[in-house]
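Work through the exercises below with the sequence and the model open. Try each task before reading its solution.

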Amino acid sequence: MWGFDLKSLIEIILMPCVLFVLGIWLPGHIEKSKSRQRKKEFEKLICREMEEMKPYEPENQAEPAVWTDYLRKRFIHEDIFRQPSENRDFILSLDPDLAYREAQLWMSFDKAVRTRCDGPEEKKKVTLTENELSDMGEYGAQWCIHLANVVEHFEPECATLRTELYSPWETLIVEHHPAVAGKINKAREELAHAKSMKQ
């Protein structure tokens, strides 16, 4: 009646529909694939850099050392989390909990560094007041809590991070600020409990 055969139907209706669907689906699929790849590569970078984040004795330390002095290297992922608006795609490609913990980790570190420094020229204070020491301890406790969560995220792929990274930092911070030991222990217990609930 209409004069269409199957070949004409395929050429006129089906092929344009298929091309239209592919045109919509393919770019989204490619972008998701790129995003997954970025996430994997960024997580590998974080894990690799965390292997180098162990505390090292400060060099040429004239004044008494505080816990932030023991992190002597700077890291790419540290800079990425310090500039979130410039690195939105990287950060959003990560697991939300990992992104939050990493951001909080570096904020705690930066707050401790600012507590230690005097004025805009970033000159280190020779002595700290009791309040400043207390703040340094709190920032150290926060550093440990967020570091433990980040390490937890990377287990078992980066199995040595707990013993070679987290434990030395916890020991160092508790040695410098014994008053925060209870807070760190409680957070560690809560993390272990949450891990056991997942299994």
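**Exercise 1. In which helix does arginine 101 lie?** Then decide whether arginine 101 is buried, partly exposed or exposed.

*Solution.* The model is a predicted one.
Step 1. Find residue 101 in the chain. Helix α4 covers residues 96-116, and arginine 101 lies in α4.
Step 2. Take the relative accessible area of arginine 101, which is 18%. The cut-off for buried is under 20%. Arginine 101 is therefore buried.
Step 3. Look for a residue far off in sequence. Valine 150 is 49 residues away from arginine 101 along the chain. Their C-alpha atoms are nevertheless separated by 6.3 Å.

**Exercise 2. Write down the order of the elements of the protein, from the N terminus on.** Add how many helices and strands there are.

*Solution.*
Step 1. Read the elements from the N terminus: α-α-α-α-β-β-α-α-α.
Step 2. Count by type. The protein has seven helices and two strands.
Step 3. Add the burial figure. The chain has 199 residues, and 35% of them count as buried.

**Exercise 3. Describe how α4 and α5 pack.** Use an angle and a distance, as is usual for two packed helices.

*Solution.*
Step 1. Set the limits. Helix α4 runs over residues 96-116 and helix α5 over residues 130-154.
Step 2. Give the geometry. The angle is about 155°, and the axes are 8 Å apart.
Step 3. Name the direction. Angles over 145 degrees count as roughly antiparallel, so α4 is roughly antiparallel to α5.
Step 4. Sort the residues of this contact. There are 13 nonpolar, seven polar and six charged residues.
Step 5. State the handedness. α4 passes α5 in a left-handed crossing.

**Exercise 4. Do the same for α6 and α7.**

*Solution.*
Step 1. Helix α6 spans residues 161-176, and α7 spans 181-198.
Step 2. The two pack at an angle of about 155°, with axes 10 Å apart.
Step 3. The same cut-off of 145 applies, so α6 is roughly antiparallel to α7.
Step 4. The crossing of α6 and α7 is left-handed.

**Exercise 5. Is asparagine 185 buried, partly exposed or exposed?** Place asparagine 185 in its helix too.

*Solution.*
Step 1. Asparagine 185 sits in helix α7.
Step 2. Its relative accessible area is 31%. Buried needs under 20%, and exposed needs over 50%. Asparagine 185 is therefore partly exposed.
Step 3. Isoleucine 145 is 40 residues from asparagine 185 along the chain. The two C-alpha atoms are separated by 9.2 Å.

**Exercise 6. Characterise the largest pocket.**

*Solution.*
Step 1. Its volume is about 270 Å³.
Step 2. Its lining has 14 residues. Asp97, Asn149, Glu152, Leu191 and Lys198 are the closest to its centre.
Step 3. α4, α5 and α7 each give two or more residues to this lining. The largest share, six residues, comes from α7.
Step 4. By class, the lining of the largest pocket has five nonpolar, two polar and seven charged residues.

**Exercise 7. Repeat this for the second largest pocket.**

*Solution.*
Step 1. The second largest pocket has a volume of about 170 Å³.
Step 2. Eleven residues line the second largest pocket. Nearest its centre lie Thr68, Asp69, Arg74, Val113 and Lys124.
Step 3. α4 gives the most to this lining, with three residues.
Step 4. The lining of the second largest pocket divides into four nonpolar, two polar and five charged residues.

Definitions and conventions: Residues are numbered from 1 along each chain as its sequence is written. This is a predicted model: local features need pLDDT of at least 70, side-chain atom pairs count only at pLDDT 80 or more; totals for chains, interfaces and linings use all residues. Side-chain values use heavy atoms; hydrogens and water are left out. Axes are lines fitted to C-alpha atoms, for helices over the stretch in contact, and angles run from 0 to 180 degrees between N-to-C directions. Helices (H or I, at least four residues) and strands (E, at least two) are DSSP runs, numbered from the N terminus. Angles under 35 degrees count as roughly parallel, over 145 as roughly antiparallel, 65 to 115 as roughly perpendicular and the rest as oblique. A crossing is left-handed if the near helix is turned anticlockwise from the far one by less than a right angle, and right-handed if clockwise. Ala, Val, Leu, Ile, Met, Phe, Trp, Tyr, Cys and Pro count as nonpolar, Asp, Glu, Lys and Arg as charged, and the others, Gly among them, as polar. On a 1 Å grid over the protein atoms alone, a cavity is a set of points where a 1.4 Å probe fits but cannot get out, and a pocket is an open set with protein on both sides within 12 Å along at least five of seven lines; lining residues have an atom within 4 Å of a point. Grid points are joined across faces, edges and corners, and a volume is the space filled by probe spheres set on the points. Buried means under 20% relative accessible area, exposed over 50%, partly exposed in between (1.4 Å probe, protein chains only).
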